[in-house]
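The exercises below are meant to be worked through with the sequence and the coordinates side by side. Each one sets a task and is followed by a solution that proceeds in steps.

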Amino acid sequence: MTPYVPGGSPVHRCRAGAKIVAMIVAGTVLFALPRLDLALAALSVTGLLYRLAGIPGSLMLAQLRPLAWILAVLVLVQLALDGWLAGLLVAARLASLVLLAGLVTLTTRSADLIEALQRGLRWLKPFGVNPAKAGLAIALTLRFIPVLAAITAEVREAQRARGLERSLVALTVPVVVRMLKMSDDIAAAIDARSYDPDRADG
């Protein structure tokens, strides 16, 4: 999983809920206002936040590495359809969002992240939604996104060495098996700690 990097920077000290809200607002603004200057500014500010948090540049780039091929495809499609400015806009906007999500998980403890999500989802309780379970699910999803990308990249490299890089089955089956195994391990770890979402929500 994307590791938490301990630190005492202002980014680390910022409340988990504030980070999540800022990420949502940034994503909404970037997609509501498709402007290249805004996307590049967001990318620059995100880079400065990584520096402020003391996150190494190699770890920052690692957030984007698993998505490099997706970015390349999107940019090429936009280049063909709307020109290089549109391609640059798509790349800058997506990179900003991925890096912001990575920054949140890198500078926020899992427990704080889950607790913030639970508080933010309490308004759904009258509709039958358990905020504790929903918060845990969202937090685990955020953690699993970079894991899934990394596992896919590892399996792709292994299958390429076997000459099976064109086989969809050879790629998806090992990825699914490894993710299911990891899910079982996490479920066992949660059970071992006697975690009860209903009790935590109460």
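**Exercise 1. Classify E115 by its relative accessibility, and then describe the pairing in which E115 takes part.**

Solution. The model is a predicted one, and every value used here is computed from it. E115 has a relative accessibility of 42% and therefore counts as partly exposed, since that class lies between the 20% limit for buried and the 50% limit for exposed. The next step is to look for a partner: E115 forms a salt bridge with R119, with 3.2 Å between the closest N and O atoms. R119, at 37% relative accessibility, likewise counts as partly exposed. Both E115 and R119 belong to helix 7 (residues 110-120), where they are four residues apart, or about one turn of the helix. An α-helix has 3.6 residues a turn, so residues three or four places apart point the same way.

**Exercise 2. How many salt bridges does the structure hold, and how exposed are R35 and D37?**

Solution. The structure holds two salt bridges. Besides the pair within helix 7, R35 forms a salt bridge with D37, and the closest N and O atoms of that pair are 2.9 Å apart. R35 counts as partly exposed because its relative accessibility is 46%, and D37, at 44%, also counts as partly exposed.

**Exercise 3. Describe the secondary structure of the chain, and test whether the length of helix 6 agrees with its number of residues.**

Solution. The chain has ten helices and zero strands, so that its pattern along the sequence is a run of α elements from beginning to end. Helix 6 covers residues 84-106, which is 23 residues, and at 1.5 Å a residue the expected span is 33 Å. The C-alpha atoms at its ends are 32 Å apart, which agrees with the expectation. As to its surroundings, helix 6 is mostly covered, with 18 of its 23 residues buried, whereas 35% of the 202 residues of the chain count as buried.

**Exercise 4. Which residues make up the largest nonpolar core, and which helix supplies the largest share of it?**

Solution. The largest nonpolar core has twelve residues, namely V5, V11, Y50, A53, I55, M60, L64, A95, V98, L99, L103 and L106. Helix 3, helix 4 (57-64) and helix 6 each supply at least two residues of this core, and the largest share, five residues, comes from helix 6. Apart from this core lies another of eight residues, which include A16, M23, L100 and A116. To follow one core member in detail, take V98: leaving aside residues up to four places away in sequence, V98 touches Q63, L64 and L67.

**Exercise 5. Is T46 buried or exposed, and what does T46 touch?**

Solution. T46 lies in helix 3 (residues 36-53), and at a relative accessibility of 2% T46 counts as buried. The side chain of T46 reaches the backbone oxygen of A42 at 2.7 Å. When residues up to four places away in sequence are set aside, T46 touches S96, L99 and L100.

**Exercise 6. What share of the contacts with a separation of 6 or more joins residues 24 or more positions apart, and what area does the chain expose?**

Solution. Among contacts in the chain with a separation of 6 or more, residues 24 or more positions apart account for 72%. The chain exposes about 12000 Å², of which carbon and sulfur atoms supply 68%.

How values were computed: Residues numbered from 1 in each chain as written. Predicted model: local features only at pLDDT ≥ 70, side-chain atom pairs only at ≥ 80, totals over all residues. Heavy atoms only, no water. Buried < 20%, exposed > 50% of the residue type's maximum accessible area, 1.4 Å probe, protein only. Contact = heavy atoms within 4.5 Å. Areas by Shrake-Rupley, 256 points an atom, 1.4 Å probe, with all protein chains shown as cover. Expected span 1.5 Å × (residues − 1). Polar contact = N/O pair within 3.5 Å; in protein donor to acceptor, adjacent residues only side chain to side chain. Core = buried A, V, L, I, M, F, W, Y, C linked by side-chain atoms within 4.5 Å. Salt bridge = Lys/Arg side-chain N within 4 Å of Asp/Glu carboxyl O.
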